[in-house]
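Hello,

Here is the structure I promised to pass on to you. Please have a look, and then read on for my notes.

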Amino acid sequence: MRKIILDCDPGMDDSMAIVMAAKSPEIELMAVTTLNGNYPSEVTCVNARKTLELIGRTDIPVGKGLAKPLFRDVPKDPFTHGVDGQAENFLPDPVMPLDSRDAVDMIIDIVKANPGEVTLVSTGPMSNIALAMMKAPEIKEMIQEIVAISGMFGLNEYAFLNATGDTPQSEWNVYVDPEAADIVYNSGVKLTALGLDVATYFDVNLGEADIQKLAESDRKEAAFLLQAIRFVNSKGHAAYCTVIDCMAVAYVIDPTLVETMEARVGIETKDGLTLGMTVIDRRHHYVWEQLPLVHVGRKADCGRFLQLLMELVLA
Ligand code: BDR
Ligand code: CA
């Protein structure tokens with residue numbers, strides 16, 4: 001069993017990532033920590049609890065995190081997850097309380113109580129994780145690894161075509177809080193960044209047969225995903241938008257699902273055209289050795305990923 005904390009900003013695909021993590025027999029979901037990102041922190045901490053109540057996992061603690069990026073204002077999101085942030089599933093208001101600690105302290109406490117054993121799965125901006133590292137630098141040596149939906153590396157055209165930030169070549173989670181990403185990328189903790197190259201590759205799409213299975217299921221989480229697909233389709237987007245963040249959880253369950261490469265990556269923190277870009281240095285010569293080495297997702301087995309996702313949703 002892999003111990004994980006899922007740090008997220010639900011978000012329809014974050015909600016599905018919560019479902020996968022909570023239902024996987026391979027994962028011990030120690031906490032869901034939330035923050036501003038797809039929606040304000042007031043909404044994401046509610047949506048995380050709505051999701052856990054949907055699947056009857058109110059035993060998993062939820063913490064509320066940062067209401068804004070470390071040094072910036074909250075940016076505008078060109079994409080919408082609907083008025084409720086959950087593809088207009090309009091789940092009932094949660095009854096379960098928030099944890100008494102905030103998300104940053106939860107990360108610090110849980111990592112310290114389980115040194116070397118906790119993987120942080122990041123599917124939102126990295127503000128909570130960066131602040132936890134600033135507040136308690138000693139945790140950096142105690143985190144097993146970080147697996148993040150983060151960046152776009154230009155390894156294929158989907159990195160560019162599906163760029164989610166509000167600059168031409170950025171990914172939303174990095175774009176929202178590039179300084180936080182810069183801190184985490186440079187922290188020395190093993191980081192696997194699954195970018196848009198793999199998480200939005202065109203094969204990451206649920207087809208008619210999957211949709212049929214979701215429609216026939218009596219699981220509430222299957223109905224949630226089905227509504228999410230209908231919602232994004234109605235906005236002119238493909239089904240992959242509903243499951244982007246799930247790839248990080250899937251990778252923790254089965255690392256053979258994504259092929260990674262080690263590469264040096266820098267984060268653009270200057271305002272303007274390139275804000276939030278994850279600049280990969282793949283040169284044969286003169287590589288900037290000062291940039292951190294990151295494990296970057298280069299190719300995903302999309303078929304097996306979707307199979308795992310469907311199995312967990314329908315289970
Ligand atoms: C990321 O942006 C958000 O909209 C999704 O939840 C995902 O975490 C992809 O760029
Ligand atoms: Ca997200």
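Below is what I found, starting with the metal site.

Please keep in mind that this is a predicted model. The calcium ion (ligand 2) is held by oxygens from Asp 9 (OD), Asp 14 (OD, listed twice), Thr 123 (O) and Asp 245 (OD), at 2.2 to 2.5 Å. Along the sequence, its donor residues follow the spacing D-x4-D-x108-T-x121-D. Asp 14 and Thr 123 thus link distant parts of the chain, being 109 residues apart. Asp 14 sits in helix 1 (residues 12-23), while Thr 123 lies in the loop between strand 4 (118-122) and helix 4 (127-135). Both Asp 14 and Thr 123 are buried.

Helix 1 also contains Met 12, which counts as buried because its relative accessibility is 0%, under the 20% cut-off. Leaving aside residues up to four places away in sequence, Met 12 touches Phe 79, Thr 80, His 81, Gly 85, Gln 86, Ala 87, Phe 224, Ala 228, Phe 231, Val 232, Cys 241 and Thr 242. Between Met 12 and Leu 309 there are 14 Å in space, C-alpha to C-alpha, and the two are 297 residues apart in sequence.

Now to the cysteines. The disulfide count is zero. For Cys 45, the nearest cysteine sulfur belongs to Cys 8 and is 11 Å away; Cys 45 is buried, with a relative accessible area of 2%. For Cys 241, one of the contacts of Met 12, the nearest cysteine sulfur is that of Cys 246, 12 Å away. Cys 241 is buried as well, at 4% relative accessibility.

Best wishes

Notes. Residues numbered from 1 in each chain as written. Chains lettered and ligands numbered in written order. Predicted model: local features only at pLDDT ≥ 70, side-chain atom pairs only at ≥ 80, totals over all residues. Heavy atoms only, no water. Donors = N, O, S within 2.8 Å, 3.2 Å for Na, K, Ca; no water. Helix = DSSP H or I, 4+ residues; strand = E, 2+ residues; numbered from the N terminus. Buried < 20%, exposed > 50% of the residue type's maximum accessible area, 1.4 Å probe, protein only. Disulfide = S-S within 2.5 Å. Contact = heavy atoms within 4.5 Å.
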